[in-house]
Amino acid sequence: MSREDFERFRQRVLEDLTLQEALRAPMEVSAFLALATRLGAEHGCHFSAEELKDLIRDARRSWLGDWV
């Protein structure tokens, strides 16, 4: 995965309410990861569920680090 692909998809999600709504629907982490990777690929942005999970974990650590 290139971070560029993920960032392109993230930006696309921020601009597209339909994608935002779709990504809010899954109730389980595994379902969210599967959906996000599928939607990313459909938009030409390729990353795996494991890579996405790592990015989410890193973002959470960074956010917590700002508050602790």
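## A walk through the helices, starting at Leu 39

Select Leu 39: once its neighbours within four places in sequence are set aside, Leu 39 is in contact with Phe 9, Leu 19, Ala 22 and Leu 23. Contact here means heavy atoms within 4.5 Å. Before going on, keep in mind that this is a predicted model, where local features need pLDDT of at least 70, side-chain atom pairs count only at pLDDT 80 or more, and totals for chains, interfaces and linings use all residues. Residues are numbered from 1 along each chain as its sequence is written, and side-chain values use heavy atoms, with hydrogens and water left out.

**Stop 1: the core**

Keep Leu 39 on screen and add Phe 9, Leu 23, Phe 47 and Leu 52: these five have the most contacts inside the largest nonpolar core, which has 13 residues. A nonpolar core is a set of buried Ala, Val, Leu, Ile, Met, Phe, Trp, Tyr and Cys residues joined through side-chain atoms within 4.5 Å. Buried means under 20% relative accessible area, exposed over 50%, and partly exposed in between, using a 1.4 Å probe and protein chains only.

Now colour by element. H1, helix H2 (17–24), H3 and H4 are the elements that give two or more residues to this core. H3 provides the largest share, 4 residues. Helices (H or I, at least four residues) and strands (E, at least two) are DSSP runs, numbered from the N terminus. As background, nonpolar side chains tend to be buried together in soluble globular proteins.

**Stop 2: the aromatic rings**

How many aromatic pairs does a search of the whole structure find? It finds 2. Rings of Phe, Tyr and Trp (its six-membered ring) pair if their centres lie within 6.5 Å; planes under 30 degrees apart count as stacked, over 60 as edge-to-face and the rest as tilted.

Show the side chains of Phe 6 and Phe 47. Their ring centres are 5.8 Å apart and the planes meet at 80°, so this pair is edge-to-face. Phe 6 sits in helix H1 (residues 3–15), while Phe 47 belongs to the loop between helix H3 (29–42) and helix H4 (49–67), so the pair ties together parts that are 41 residues apart in sequence. Phe 6 counts as buried at 15% relative accessibility, and Phe 47 is buried with a relative accessible area of 8%.

Next, bring Phe 9 back. The rings of Phe 9 and Phe 47 also have centres 5.8 Å apart, but with the planes at 45° the pair is tilted. Phe 9 lies in helix H1 and Phe 47 in the loop between H3 and H4, so this pair ties together parts that are 38 residues apart in sequence. Phe 9 is buried too, as is Phe 47. Put the three together and you have one aromatic cluster of Phe 6, Phe 9 and Phe 47.

**Stop 3: Thr 37, across from the cluster**

Pick Thr 37 in helix H3. Not counting residues up to four places away in sequence, Thr 37 touches Phe 47, Ser 48 and Ala 49. Thr 37 is buried, with a relative accessible area of 16%. For a distance label, try Phe 6 to Thr 37: they are 31 residues apart in sequence and 9.5 Å apart in space, C-alpha to C-alpha.

**Stop 4: Asp 5**

Slide along to Asp 5, which lies in helix H1. Is Asp 5 buried or exposed? At 15% relative accessibility, Asp 5 counts as buried. Its side chain makes a polar contact with the side chain of Arg 8, at 2.4 Å. A polar contact is a pair of N or O atoms within 3.5 Å; within protein, one must be able to donate a hydrogen and the other to accept it, and residues adjacent in sequence count only if both atoms are side-chain atoms. Leaving aside neighbours within four places in sequence, Asp 5 is in contact with Gly 44, Cys 45 and His 46.

**Stop 5: Gln 20**

Over in helix H2, select Gln 20. Gln 20 is buried, with a relative accessible area of 16%. Beyond its neighbours within four places in sequence, Gln 20 is in contact with Val 13, Leu 14 and Glu 15.

**Last stop: the pocket lining**

Finish by selecting Phe 6, Arg 10, Phe 32, Leu 52 and Ile 56, the closest to the centre of the largest pocket among the 15 residues that line it. H1 gives the most to this lining, with 7 residues. A pocket, on a 1 Å grid over the protein atoms alone, is an open set of points where a 1.4 Å probe fits, with protein on both sides within 12 Å along at least five of seven lines; lining residues have an atom within 4 Å of a point.
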